[in-house]
Amino acid sequence: MTKLLFFAGSARKDSYNKKLARIAHQLAKSSGADVTFIDLKDFPMPIYDGDLEDASGLPENAKKLKKLFIEHDGFLIASPEYNSSISPLLKNSLDWISRKETADEPGLVAFTGKVFALVAASPGGFGGLRGLVPLRMMLENVGALVIPTQLAISFVNKAFNDQDELTDENHKKVLTSVVKQLIDTCTKIHG
Ligand SMILES: Cc1cc2nc3c(=O)[nH]c(=O)nc-3n(C[C@H](O)[C@H](O)[C@H](O)COP(=O)(O)O)c2cc1C
């Protein structure tokens with residue numbers, strides 16, 4: 001069965017994007033998928049520095065995260081938007097795991113042939129949509145397939161109830177179809 005990994009590009013305790021990734025995780029789980037939720041707060045890494053890499057290779061948490069990416073086929077990223085782009089936490093994590101651990105390792109093993117679904121949430125009016133554009137481009141340039149359906153929730157501070165559930169039927173509907181398209185695409189490609 002295809003293996004899925006869901007996470008948010010925010011380490012913040014009350015992150016809206018984490019809440020969204022957790023709901024997507026529950027949706028995938030209830031449809032019978034083999035899906036794991038991780039928190040990037042559990043994988044702290046220094047900012048990428050070529051001198052650091054030359055001196056000591058990948059940080060332990062980059063190795064752990066890269067291994068998880070290699071072991072999974074499909075991914076859902078709930079990405080915050082920072083100044084119209086990707087959060088530094090997400091970019092730095094993806095940059096580290098794009099690096100080879102040995103000279104004979106094929107390039108970009110963490111991304112090649114993997115399938116990604118992208119969602120975003122922001123208290124602002126664009127819902128983080130602008131940050132998904134560079135994220136989609138980056139993932140496609142490192143050999144991944146990004147599914148077309150995506151969700152960006154604007155004014156997200158009003159989107160959840162006290163149980164951290166989405167209240168808007170359309171948000172639920174689109175998130176459900178994002179998760180379904182990820183599972184269907186992954187199953188077609190990876191079995
Ligand atoms: C440095 C910085 C830049 C931001 N830039 C944007 C932005 O361009 N667009 C936007 O909608 N929100 C922006 N925000 C607000 C974030 O969307 C908001 O902090 C959001 O809650 C972050 O996601 P999280 O709740 O998952 O941590 C920015 C926040 C920070 C700290």
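The following exchange concerns lysine 18 and helix 1 in a predicted model.

User: Why is lysine 18 called buried or exposed?

Analyst: Lysine 18 has a relative accessible area of 5% and is therefore buried, since buried means under 20%, exposed over 50% and partly exposed in between (1.4 Å probe, protein chains only). Residues are numbered from 1 along each chain as its sequence is written, and side-chain values use heavy atoms, without hydrogens or water. Because the model is predicted, local features need pLDDT of at least 70 and side-chain atom pairs pLDDT 80 or more, while totals for chains, interfaces and linings use all residues.

User: What makes the pairing of the side chains of lysine 18 and aspartate 39 a polar contact?

Analyst: The separation is 2.9 Å. A polar contact is a pair of N or O atoms within 3.5 Å; within protein, one must be able to donate a hydrogen and the other to accept it, and residues adjacent in sequence count only if both atoms are side-chain atoms. A polar atom of the lysine 18 side chain also lies 3.0 Å from the backbone oxygen of alanine 11.

User: Why are helix 1 and helix 6 called oblique?

Analyst: Their axes come within 10 Å and cross at roughly 60°. Angles under 35 degrees count as roughly parallel, over 145 as roughly antiparallel, 65 to 115 as roughly perpendicular and the rest as oblique. Helix 1 and helix 6 are therefore oblique to each other.

Definitions and conventions. Axes are lines fitted to C-alpha atoms, for helices over the stretch in contact, and angles run from 0 to 180 degrees between N-to-C directions. Helices (H or I, at least four residues) and strands (E, at least two) are DSSP runs, numbered from the N terminus.
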